[in-house]
Amino acid sequence: MILIFFGPPGGGKGTQARRLQARRGMLQISTGDILREDIAAGTPLGREAQGYVERGELVPDEVMVGLVAERLRRPDAAAGVVFDGFPRTLPQAEALEEMLARADRRVDHVVDFQVSEETIIRRLSGRRVCQAAGHIYHVEFRPPRRPGFCDIDGSPLFQREDDRPETIRRRLEVYRVQTAPVLDFYRARGLYTALDAEGKGEEVAARLDAALGV
Ligand code: AMP
């Protein structure tokens, strides 16, 4: 099965994609996580992407498409994939369709995580992420057992540079102008599913499973 999790930053895509990866053995391809790892490691990709990510803007399509093509060729992508944060532009959606077709695969569902702007701001401004593996917490809604440290691997939690108020506004604008229109591409293919993504992680998970019929 190939799923695309679509929605604004703070929609909860990453949290739900990680859950499907853990519970169903699907591979989560989070382009944001990949870029952050490369930026932290100082790779050529990381150096190229850093400025865009810090400003809340999109990394160029050629870079993103090359990165995803490489991940899709790995053996662990054979069983099932959840895309989290890709595609974000029409050229990315078209490129994904072509690369899947070449492998005789196609997208099964595109899930649109719908949340209010108020929820987005509350979720992003309280979000904390673990340094070792990107596990996601929230100071108010999903606090770790020991403040400031990951429950799973004990590594320190940090606030993403782009979760600060100025950059949040820019990311929401980029989402509205460049990314949201991609949904029409999938509506036209009959792949679109809306998801009420308000509320607690477990509540969203239950609605998601019902929508996917799993
Ligand atoms: P995310 O973790 O999905 O919110 O992504 C964080 C940042 O990484 C975004 O604000 C972009 O700068 C960059 N990014 C992630 N995925 C993409 C993509 N598919 N296309 C372009 N830029 C991306």
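The points below go through the ligand site, the cavity, the second largest pocket and one sheet of this structure.

1. On the nature of the model: the structure is a predicted one, and the values in the points that follow should be read with that in mind.

2. On the ligand shell: the ligand is surrounded by 17 residues, and the closest of these are Thr 31, Arg 36, Glu 57, Gly 85 and Gln 92. Sorted by class, this shell is made up of seven nonpolar, four polar and six charged residues. Helix H2 (31-41) and helix H3 (44-55) each contribute at least two residues to the shell, and H2 gives the most, with four residues.

3. On polar contacts of the ligand: a polar backbone atom of Glu 57 lies 2.5 Å from an oxygen atom of the ligand, while a polar backbone atom of Val 59 lies 3.1 Å from a nitrogen atom of the ligand. A side chain is also involved, since an N or O atom in the side chain of Arg 171 is 3.3 Å from an oxygen atom of the ligand. Taken on its own, the ligand has 480 Å² of accessible area, and the protein covers 95% of that area.

4. On enclosed space: a search of the whole structure turns up one cavity of 30 Å³ or more, and the largest cavity holds about 80 Å³ of space. Its lining consists of Phe 5, Phe 6, Gly 7, Pro 8, Pro 9, Lys 13, Gly 85, Phe 86, Pro 87, Arg 88, Tyr 175 and Thr 179. Two or more of these lining residues come from strand E1 (2-6), and two or more from helix H7 (165-179). By class, the lining of the largest cavity divides into seven nonpolar, three polar and two charged residues. Gly 85 deserves a second look, as this residue is named among the closest to the ligand and also lines the largest cavity.

5. On the second largest pocket: this pocket has a volume of about 700 Å³ and is lined by 29 residues, of which Asp 33, Ile 34, Arg 36, Glu 37 and Gly 134 are the closest to its centre. Helix H1 (13-24), strand E2 (27-30), H2, H3 and E5 are the elements that give two or more residues to the lining, and H2 gives the most, with six residues. The lining residues divide by class into 11 nonpolar, seven polar and 11 charged. Arg 36 is listed both among the residues closest to the ligand and among those closest to the centre of this pocket.

6. On the sheet: three strands form an open sheet in the order E6-E5-E7, with antiparallel pairing. E6 and E7 stand at the edges and each has a single partner strand, so one side of each is left without a neighbour in the sheet.

7. On the pairing within that sheet: strand E5 (residues 127-130) pairs with strand E6 (residues 136-138) in the antiparallel sense over three bridges, and Arg 128 has Tyr 137 in E6 as its bridge partner. Five residues lie between the strands in the hairpin of E5 and E6, where Gly 134 takes a positive phi near 75 degrees. E5 is also joined to strand E7 (residues 157-158) by two bridges, and these two strands run antiparallel. Here Val 129 stands opposite Phe 158 in E7, and Cys 130 has Leu 157 as its bridge partner in E7. The hairpin residue Gly 134 is also one of the residues closest to the centre of the second largest pocket.

Conventions
Residues are numbered from 1 along each chain as its sequence is written. This is a predicted model: local features need pLDDT of at least 70, side-chain atom pairs count only at pLDDT 80 or more; totals for chains, interfaces and linings use all residues. Side-chain values use heavy atoms; hydrogens and water are left out. A residue is near a molecule or strand if one of its heavy atoms lies within 4 Å of it. A polar contact is a pair of N or O atoms within 3.5 Å; within protein, one must be able to donate a hydrogen and the other to accept it, and residues adjacent in sequence count only if both atoms are side-chain atoms. Accessible areas come from the Shrake-Rupley method with a 1.4 Å probe; for residues, only the protein chains shown count as cover. Ala, Val, Leu, Ile, Met, Phe, Trp, Tyr, Cys and Pro count as nonpolar, Asp, Glu, Lys and Arg as charged, and the others, Gly among them, as polar. On a 1 Å grid over the protein atoms alone, a cavity is a set of points where a 1.4 Å probe fits but cannot get out, and a pocket is an open set with protein on both sides within 12 Å along at least five of seven lines; lining residues have an atom within 4 Å of a point. Grid points are joined across faces, edges and corners, and a volume is the space filled by probe spheres set on the points. Two strands pair if DSSP finds at least two bridges between them.
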